[in-house]
There are 2 protein chains.
Amino acid sequence: MAVFLSTYVNKVDRKGRVSIPAQFRQSLAKTSAPSTVYLWPSLNHQALEGADQDYLDVLSESLESPDLDADERDMIETFIFGKLIPVSSDAEGRIVLPKELAEFAGISEEAAFIGRRKTFQIWEPDALKAHEAALREQVVRKDISLSQIVAKASRAAAGRSGEGA
Amino acid sequence: MAVFLSTYVNKVDRKGRVSIPAQFRQSLAKTSAPSTVYLWPSLNHQALEGADQDYLDVLSESLESPDLDADERDMIETFIFGKLIPVSSDAEGRIVLPKELAEFAGISEEAAFIGRRKTFQIWEPDALKAHEAALREQVVRKDISLSQIVAKASRAAAGRSGEGA
DNA sequence: TGCCGTCCCATGCTATCCCAAGAATGCCCA
DNA sequence: TGGGCATTCTTGGGATAGCATGGGACGGCA
């Protein structure tokens, strides 16, 4: 599965095309469908989410889980798979941003790609800035630090493996 | 089995014909009966459900399962198989929406196809919007996020494989 | 014989492919 | 260490093919 990192801002031409950042493409090259990415509107933000075929396969499989309640399943099928648009890149590594998705995210001139490991997001650049500012404020307010989070996670992992043994 | 994704809104002409979205057709092309789709009224919504031959075969087979209680079996046989209408597409990839189904879903001018992976639904566009708005409210209210659901599902899957071992 | 459903043909629009060039980056050599 | 060269990436525009949509004609059933 591809790994997406960093932030890139690329231009959207008048046909709605935008280059996938080269780094993302290199990552996609290793997946089972290198020239196809899947886009859908974010559930929680005015932004687009993107992923590769392999991620979608995992997601699809997780929907078969009997532990999901009917509401959640219906929601995912409607809002993710129902909105999901497979876009294939051209020879230059560009994709066409579907109109309804571009509108949803308020993207017209430029698009900011931000890697989120297994998925990435596409934002209108100013909206992304605002979002980041808001998030940073929370970091300060809640006094969050990276080392804290890592420590917490590894403590929890140790606990689980202890139970299992 | 065909996979249906995305949402498409197509026009219904005065003969009741509507184009199957090209993406759906490409998906159907790989199935055992590419020019036939099966339609039936949704159990839960004022909309139509659709699927390909292969899905119906699987569904039919699952009815043979001894785990199914008699009520459920009766319900499916009555409301799915009892209402099922096979429609075949013409050379242009259009189907004729059976009158009673179009009326049931309130479809007249336009029809919205929404992919739901193994099946799809056909809605009157405004009804679909309303349905989505209602669902979205639930997303906000329950504070659901995609990564949350994926995590939950994979945790559950891990739990099951653990039990099995 | 009239009506309805199916088939065939025509057309405007949209998306896809192909070709091309400027800009930025990294590498190599002096 | 600095400048020049080559490669890659991003961006732009034109041509082509596919798709959605509409109307007419033929054949079957009532």
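Me: What makes E92(B) a polar-contact partner of a base nitrogen of DNA strand C?
Reply: In this predicted model, a polar side-chain atom of E92(B) lies 3.1 Å from a base nitrogen of DNA strand C. The cut-off for a pair of N or O atoms is 3.5 Å. The value falls within it, so the pair counts as a polar contact.

Me: How do you know that E92(A) makes a polar contact with DNA strand C?
Reply: By the distance from its side chain to a base. A polar side-chain atom of E92(A) lies 3.0 Å from a base nitrogen of the strand. The limit is 3.5 Å, so the pair qualifies.

Me: And why does R17(A) count, with a base nitrogen of DNA strand C 3.5 Å from its side chain?
Reply: An N or O atom in the side chain of R17(A) is 3.5 Å from that base nitrogen. The rule accepts N or O pairs within 3.5 Å, so R17(A) is listed at the cut-off value.

Me: Which residues surround DNA strand C?
Reply: From chain A come K15(A), R17(A), E92(A), R94(A) and K99(A). From chain B come K15(B), R17(B), E92(B), R94(B) and K99(B).

Me: Why is the surface near DNA strand C described as having ten charged residues?
Reply: Asp, Glu, Lys and Arg count as charged, and the residues around the strand are of the Lys, Arg and Glu kinds, so they go into that class. The split is no nonpolar, no polar and ten charged.

Me: What part of DNA strand C faces the protein, by atom share?
Reply: Of its atoms within 4 Å of the protein, 12% belong to sugar or phosphate. The rest belong to bases.

Me: How is that share divided for DNA strand D?
Reply: For DNA strand D, 48% of the atoms within 4 Å of the protein belong to sugar or phosphate, and the rest to bases.

Me: What makes R94(A), R17(B) and R25(B) polar-contact partners of DNA strand D?
Reply: Take them in turn. A base oxygen of DNA strand D is 2.8 Å from an N or O atom in the side chain of R94(A). Another entry puts a base oxygen 2.9 Å from an N or O atom in the side chain of R17(B). R25(B) reaches a phosphate oxygen, with a polar side-chain atom 3.1 Å away. These distances are within 3.5 Å, so the three residues qualify. Elements giving two or more residues to this surface are strand 1 (7–11), strand 2 (17–19) and helix 1 (22–28) of chain A, together with strand 1 (7–11), strand 2 (17–19) and helix 1 (22–28) of chain B.

Me: Which residues come nearest to DNA strand D, and how does its surface divide by class?
Reply: There are 28 residues around the strand, and K15(A), R17(A), R94(A), K15(B) and R94(B) come nearest. The classes are six nonpolar, six polar and 16 charged.

Me: Why is K152(B) with E72(A) called a salt bridge?
Reply: The closest N and O atoms of K152(B) and E72(A) are 3.2 Å apart. The rule asks for a Lys or Arg side-chain nitrogen within 4 Å of an Asp or Glu carboxyl oxygen, so the pair passes. Across the interface of chain B and chain A, the rule finds seven salt bridges. It also finds 13 residue pairs in polar contact, both residues at pLDDT 80 or more. By class, the chain B side has ten nonpolar, seven polar and eight charged residues.

Me: How do you know the extent of the interface between chain B and chain A?
Reply: The size of an interface is often given as the accessible area lost when the parts come together. Chain B and chain A bury about 2,700 Å² between them, 57% of it on carbon and sulfur atoms. R116(B), R117(B) and L146(B) supply 25% of the area that chain B buries, more than any other three residues. In contact are 25 residues of chain B and 30 residues of chain A.

Me: What is buried between domain 1 of chain A and domain 2 of chain A?
Reply: About 390 Å², with 83% on carbon and sulfur atoms. On the domain 1 side, H45(A), I114(A) and W123(A) lose the most area, together 78% of what that side buries. The rule finds zero salt bridges across this interface. The domains span 7–123 and 126–165, and their C-alpha centres lie 25 Å apart.

Definitions and conventions. Residues numbered from 1 in each chain as written. Chains lettered and ligands numbered in written order. Predicted model: local features only at pLDDT ≥ 70, side-chain atom pairs only at ≥ 80, totals over all residues. Heavy atoms only, no water. Domains from an automatic or database assignment. Buried area = accessible area lost by both parts, 1.4 Å probe. Contact = heavy atoms within 4.5 Å. Polar contact = N/O pair within 3.5 Å; in protein donor to acceptor, adjacent residues only side chain to side chain. Near = heavy atom within 4 Å. Helix = DSSP H or I, 4+ residues; strand = E, 2+ residues; numbered from the N terminus.
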